[in-house]
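Open the model in your viewer and keep the selection box ready. The tour below goes stop by stop: select, look, move on.

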Amino acid sequence: MTRAGRTDHRDARTTAGPGGADGVIERHSIDVVPDGERHGRAFSQFTLWLGANLQITAIVTGALAVVFGGDVVWSLVGLVAGNLLGGAVMALHSAQGPRLGLPQMIQSRAQFGVRGAAVPLLLVILMYIGFFASGSVLAGQATARLTHTDDTTGIVAFAVLTAVVAAIGYRVIHVLGRVASAVCAVAFVFLGVRLLDRVDVGALFGDAHFSLPMFLLAMSLSASWQLAFGPYVADYSRYLPRTTSARATFWWTLSGSALGSQWSMTFGVLVAASAGERFLDDQVGYVVSLGGAGAAASLLYFVIALGKLTINVLNTYGGFISMVTGISGFRGQRTLSPRGRAAYIAVIMVTGTALALLGKDSFLVSFKDFLLFLLTFFTPWSAINLVDYYLISRERYDIPALFDPHGRYDAWRPDALIVYTVGILAQLPFLATSFYTGPLVAPLGGADISWIVGLTVPATLYWLVARSGASAKGLTPGAEEVKASSSQTSGRP
């Protein structure tokens, strides 16, 4: 089943200029970014993912570790472990971007087939629309209070702004990340100082009592947070020059994402442990109240909206790329016009905004459970993709074949789809949500370790199946590489 192949860019030979990487509005979608249009440094991944994680939803996620019964000390340790482990998986995906010059999910065609990749893509799209909706509610509240309007107006205004930034594309997204990382970092330092003035730190850290279920819960919360970035993280590293070190891309991505999320989640743990219901009843309002009133409050509402804008733009852009990837596999489409790009993004915006408006008053808790349930569907995808890229194909793919259902990757790959299905089913006994709890959750004290199972089981099975397929053909994984000529990889006509 080896499919290591050439990195051939004959179908992506364009020149930089207006509409390319040198233009303001991005024109590339699922096509390869030519070498002549590559730019930037690996450090850009640090600022993007730091800014994307310094935000209110990450604060709430950290707070849940305490709300569900954990203590401060072991909740923080569990969150660190989850952020590092889940962040490492996410950063391995990021390192694929400079090497291939492709969005993340288009690579799934090498594992599942040109059309078979639509199976995990469908659920990924639903998840990112859901994240768009839930993020728009909190951001809409901040926007409404900043502009002195109602929540509905705030949600709609925020959604429109998100769609506009996502439509402009890659360059503006990274600029937004740099701005958000600096502004939100300053605001979080200020809020942290204000919080520490209000709480008895010694008392919070002195009441440490280890509980394995609560520790695993905290670890699962942060690991799941990181794993959720997996299906689109390479979208934001694919313009980096091919010569960019994979190690540098990995470490800058991991450090930015893990630091940003742990910073936010630590704040959430301390707030939940000290404020309790006052925070849970009004997360945005309580966080802003720490900073004071008047101009300080207005600035903090702006910071909250800016942090959510950064992550919601990523959700919108990633959802748009995923949607194009899934549909184009059946249509044979390789490029996308600006009008088509706007149409896809509009679909995500309208759908996500409708869900946000429907759920802004009542169903967000259940909806969040639904979103976490969807995580079980792409954790196996992540495992299969990483095993195939790093261990089977050895970082080499036949790029043109990713767009050809009659090529070496076929239209459908039943072996990978079966492993993917087994990976989903293997998680169910360990899954804990409000609407479904697996039979093995109680023996573990209520801890949800489904994400661990979702990574290890399909990774092992896929490696065995892939190696067996390669041996049956008398091939060694990676042996079929055909080097592309310089004219094919330079981006020149």
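## Stop 1: the largest cavity

The lining of the largest cavity has nine nonpolar residues, one polar residue and no charged residues. Keep in mind that this is a predicted model. Select L54, Q55, I56, I59, F188, L191, V287, L300, V303 and I304 to show that lining. The volume inside is about 80 Å³. The count of cavities of 30 Å³ or more comes to two.

Now colour by helix. At least two lining residues of the largest cavity come from each of α2 (56-67), α8 (170-198) and α14 (295-331). Which helix gives the most to this lining? It is α14, with three residues.

## Stop 2: α2 against α11

Keep α2 on screen and add helix α11, residues 246-275. Two packed helices are described by the angle between their axes and the distance between the axes. For α2 and α11 the angle is about 50°, and the axes are 7 Å apart. The two helices are therefore oblique to each other. Look at the handedness too: α2 and α11 make a right-handed crossing.

## Stop 3: the second largest pocket

Next, select L85, V89, L92, A383, L386, Y390, W451, I452, L455, T456 and A459. These residues line the second largest pocket. The space in that pocket is about 200 Å³.

What is the make-up of the lining by class? Ten residues are nonpolar, one is polar and none is charged.

Three helices each supply at least two residues of the lining: α3 (72-94), α16 (364-392) and α18 (450-472). The helix that gives the most is α18, with five residues.

## Stop 4: G454 in α18

Stay on α18 and pick G454, which lies in that helix. Is G454 buried or exposed? Its relative accessibility is 0%, so G454 counts as buried. Now add V422 and draw a C-alpha to C-alpha distance. G454 and V422 are 9.3 Å apart in space, with their positions 32 residues apart in sequence.

## Stop 5: α3 against α10

Go back to α3, one of the helices that line the second largest pocket. Add helix α10, residues 212-227. The axes of α3 and α10 come within 7 Å and cross at roughly 30°. Angles under 35 degrees count as roughly parallel, so α3 is roughly parallel to α10. The crossing of α3 past α10 is right-handed. Show the side chains: the contact of α3 with α10 has twelve nonpolar, eight polar and no charged residues.

Zoom in on A223, which lies in helix α10. A223 is buried, with a relative accessible area of 0%. Select L84 as its partner for a distance. The C-alpha atoms of A223 and L84 are 7.7 Å apart, although the two residues are 139 apart along the chain.

## Stop 6: R341 in α15

Select R341 in helix α15, residues 338-359. Does this arginine count as buried or exposed? At 4% relative accessibility, R341 counts as buried; the cut-off for buried is under 20%. Add F320 and join the two C-alpha atoms. They are separated by 7.8 Å, and R341 and F320 are 21 residues apart along the chain.

## Stop 7: the loop between α16 and α17

Finish in the loop between α16 and α17 (414-427), where you will find R394. Check its backbone: R394 is not a glycine, yet its phi is positive, at about 55°. R394 is partly exposed, with a relative accessible area of 38%.

D410 is placed in the loop between α16 and α17 as well. What is its phi? The value for D410 is near 65°, which is positive in a residue other than glycine. D410 is partly exposed, with a relative accessible area of 35%.

How values were computed
Residues numbered from 1 in each chain as written. Predicted model: local features only at pLDDT ≥ 70, side-chain atom pairs only at ≥ 80, totals over all residues. Heavy atoms only, no water. 1 Å grid on protein atoms, 1.4 Å probe; cavity = no way out; pocket = protein on both sides within 12 Å on 5 of 7 lines; lining within 4 Å. Points joined across faces, edges and corners; volume = space filled by probe spheres on them. Helix = DSSP H or I, 4+ residues; strand = E, 2+ residues; numbered from the N terminus. Nonpolar A, V, L, I, M, F, W, Y, C, P; charged D, E, K, R; others polar. Axes fitted to C-alpha atoms, helices over the stretch in contact; angles between N-to-C directions. Parallel < 35°, antiparallel > 145°, perpendicular 65-115°, else oblique. Left-handed = near helix turned anticlockwise from the far one by under 90°. Buried < 20%, exposed > 50% of the residue type's maximum accessible area, 1.4 Å probe, protein only.
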